[in-house]
Structure formats: structure tokens, C-alpha cells
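Here are some notes for a colleague who is meeting this structure for the first time. Please read them with the sequence and the model open alongside.

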Amino acid sequence: MKRVMTIQDISCIGKCSLTVALPILSAAGLETAVIPTAVLSTHTAFKRFEFFDLTDKIQPIADHLYEEGFGFDAIYTGYLGSFEQLNTVSNFIDRFRGDGTLVVIDPVMGDNGKLYAGFDDDYVAAMRRLCARADIILPNITEGALMTGMAYDPDAPEEYCREMAEKLLALGCKTVILTGFCPQAGQIGFLGASRDGKFFSYSREELPRSCHGTGDLFAAEQVPGIELAGMEGISVEIEVAGDDIGVLEMILCGEEGIKVVLRHIVPAEEQLHPEGIRRAQDRSDIPGILQLFQRQHPADLIQIRCGG
């Protein structure tokens with residue numbers, strides 16, 4: 001079983017940070033280790049909350065894990081509440097990063113065009129240096145603007161997001177997934193870019209409300225998706241239920257019986273398109289498969305099955 005370390009805060013009440021990351025990673029069949037950076041009575045959308053800083057506990061925990069010889073297949077960070085925590089996490093990555101360790105950084109520090117309270121330009125510069133060392137970073141539009149020096153544009157059109165993604169890649173990370181992308185009015189999603197010059201995106205209808213912790217949830221979903229996409233074996237099963245409806249099921253099979261099953265209920269003639277089948281059978285293009293079918297069928301059911 002693969003082991004992931006996630007480093008971020010936890011709220012006693014409120015669906016954000018570790019509260020959402022831990023069940024998602026665990027449900028995906030990943031052994032999830034945690035280092036809480038702070039404990040909050042509620043998340044920060046409440047008028048008042050209690051905050052207990054755990055900065056001075058992170059290094060002793062890391063020392064003990066190192067002494068015990070633990071290693072991690074992925075290191076995933078969320079909210080880091082101080083300049084000191086950024087430095088401590090950077091040292092943690094140096095210490096525990098192996099040849100195959102995936103490093104995912106969610107640079108939580110602002111929204112709606114503004115830095116969160118308690119952060120300043122020095123913090124942004126330090127976060128920029130941390131992101132440069134990541135395999136994948138997951139900033140929102142505000143965080144992307146802060147790290148690139150671009151003006152904040154809440155409309156976030158495609159050309160603007162592509163330029164921002166390219167500048168973020170120039171920091172040194174391998175892949176950028178930029179949330180808050182708005183390809184047209186009334187839609188919201190993400191736009192990604194990799195150092196090989198490829199772009200990918202996904203969007204759907206924007207709901208008329210804002211929910212605290214959605215960025216944390218999105219970030220947590222990426223880690224098992226990427227880790228499981230590297231598993232051995234992929235098979236394609238097709239069932240046709242009637243003249244015009246079919247089910248395409250792609251199964252990624254991994255160690256210890258873990259399976260990721262993507263089911264697509266689509267018109268049978270579209271489902272059987274040779275290009276779709278070719279891409280599904282080509283294990284080297286798994287990211288392309290996911291992008292292709294998520295773009296064409298955003299309402300499809302995606303299931304993660306553990307243990308066979």
C-alpha cells in the first residue's frame with residue numbers, strides 16, 4: 001500500500017484542510033500519515049475561532065519519523081500558517097523525498113484578490129521558492145497572481161490563465177493546476193499546464209454559492225488520482241444496454257487489489273469510437289484518457305474500489 005504524508009492544519013468543526021483530506025486519501029486506498037500544523041476550533045469563516053499553533057512540534061515529529069525509517073510515496077502540503085512553517089516543510093521535503101516521491105503543494109495564502117490575514121510579501125516569496133521544488137502545484141487565481149506578479153483578474157479567461165500557468169511553470173515546478181478558471185460566463189473549473197508544453201482544462205456550470213474548503217477537497221482528490229494512475233495494468237470493458245446507451249468501464253489495477261473504475265454512460269456509437277478505445281488501451285496516455293472522458297462526459301460516475 002502506498003503511503004502519503006499530508007502536512008496542514010485541522011479544524012475541530014468545518015469541512016476543510018485535514019478534515020477533508022484524510023478521508024479522501026484513505027478511501028482511495030492510500031495509507032495516510034499526517035502532521036497537523038495547527039488546531040482550530042472551527043475553520044476561519046466563523047466570526048471567532050480558537051487557534052493553537054503547532055509549529056514547534058513539526059520538527060520533533062519529523063525527527064522521530066526519520067529515526068523510525070519511514071518513507072513516503074507522496075508529500076502533500078496545504079495551509080502553512082507562517083514563514084517558519086514554510087522553512088520547516090522545505091526541510092522535511094529534503095529529508096524524506098526519495099527518487100519516486102511525488103511532491104504536491106497547495107499554496108494556500110489568499111483568495112478574491114487578497115492575501116489572507118497574517119501573510120505578507122516575504123511569505124509570498126518563500127511560498128514561491130517552495131513551489132519551485134514541487135512536482136505539482138495547485139494555486140487558485142489569487143495565489144497564481146501573487147506568485148507571478150500578474151494583476152488579479154476575477155474573470156480568469158483562458159488566455160490569462162494560460163499566461164499565468166506558463167509563468168508558474170517558470171518557477172521550476174513540473175505541473176500547474178490552476179483553479180478558478182472561467183472559460184466563459186457562468187462556468188468554472190481548472191486549467192493545467194506541464195513543462196512539455198501541454199495544456200488541459202475542465203469546467204462546468206458554476207453554482208450560485210460559495211463553499212468553504214472546496215479548494216482543499218480538490219487538492220486532496222489529485223493525489224490519489226496521480227498515484228493510482230501509475231499503477232500496473234489497464235483494461236477496458238464494454239457493455240451495451242439497448243440500442244443507444246452503453247457503459248464504458250476503464251479499470252486501473254494496482255497492488256493489493258486496489259482498483260480505480262471510471263464508468264461512462266454514453267451513446268453506444270460514441271463509446272465505441274476507435275480513438276476512444278485506442279486511448280483507453282494505451283497505458284502511456286492515462287492522463288489523456290482522463291482528460292478526454294472528463295471533458296466529454298462531466299456528469300459520469302467515477303468510482304474508487306479498494307480490495308478488489
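1. In which sense do strand E4 and strand E5 pair, and over how many bridges? In this model, which is predicted, strand E4 (residues 74-77) and strand E5 (residues 102-105) run in the parallel sense, and 4 bridges join the pair. Among the residues facing one another across this pairing, Ile75 has Val103 in E5 as its bridge partner, while Thr77 has Ile105 in E5.

2. The connection between these two strands deserves a look as well, since E4, H3 and E5 together make a β-α-β unit that is right-handed. Helix H3 covers residues 83-96, and the helix returns in point 5 below, where the cavity is discussed.

3. Strand E5 also has a neighbour in strand E8 (residues 136-137), to which 2 bridges join it in a parallel run; there, Ile105 of E5 stands opposite Ile137 in E8. In a regular strand the side chains alternate between the two faces of the sheet. In E5, Leu102 and Val104 point one way, Val103 and Ile105 point the other way, and all of these residues are buried.

4. Taking a wider view, one finds an open sheet of 9 strands with mixed pairing, whose order is E3-E2-E1-E4-E5-E8-E9-E10-E11. Strand E3 (51-53) and strand E11 (199-205) stand at the edges of this sheet, and because each has a single partner strand, one side of each is left without a neighbour in the sheet.

5. Where is empty space enclosed, and which residues line it? Rolling a probe the size of a water molecule over the atoms shows where empty space is left. The structure holds 1 cavity of 30 Å³ or more, and about 30 Å³ of space lies in the largest cavity. Its lining is formed by Ile58, Gln59, Ala62, Thr88, Phe92 and Arg95, with helix H2 (55-67) and helix H3 (83-96) each supplying at least two of the lining residues. By character, the lining divides into 3 nonpolar, 2 polar and 1 charged residues.

6. Finally, a word on the cysteines: the structure holds 0 disulfides. Cys182 is accordingly in no disulfide, and the nearest cysteine sulfur, that of Cys161, is 7.2 Å away. Cys182 counts as buried because its relative accessible area is 16%, which is under the 20% cut-off. Cys16 is likewise counted as buried, because its relative accessibility is 3%.

Methods: Residues numbered from 1 in each chain as written. Predicted model: local features only at pLDDT ≥ 70, side-chain atom pairs only at ≥ 80, totals over all residues. Heavy atoms only, no water. 1 Å grid on protein atoms, 1.4 Å probe; cavity = no way out; pocket = protein on both sides within 12 Å on 5 of 7 lines; lining within 4 Å. Points joined across faces, edges and corners; volume = space filled by probe spheres on them. Nonpolar A, V, L, I, M, F, W, Y, C, P; charged D, E, K, R; others polar. Disulfide = S-S within 2.5 Å. Buried < 20%, exposed > 50% of the residue type's maximum accessible area, 1.4 Å probe, protein only. Pairing = 2+ DSSP bridges. Right-handed = clockwise from strand over helix to strand, strands pointing away.
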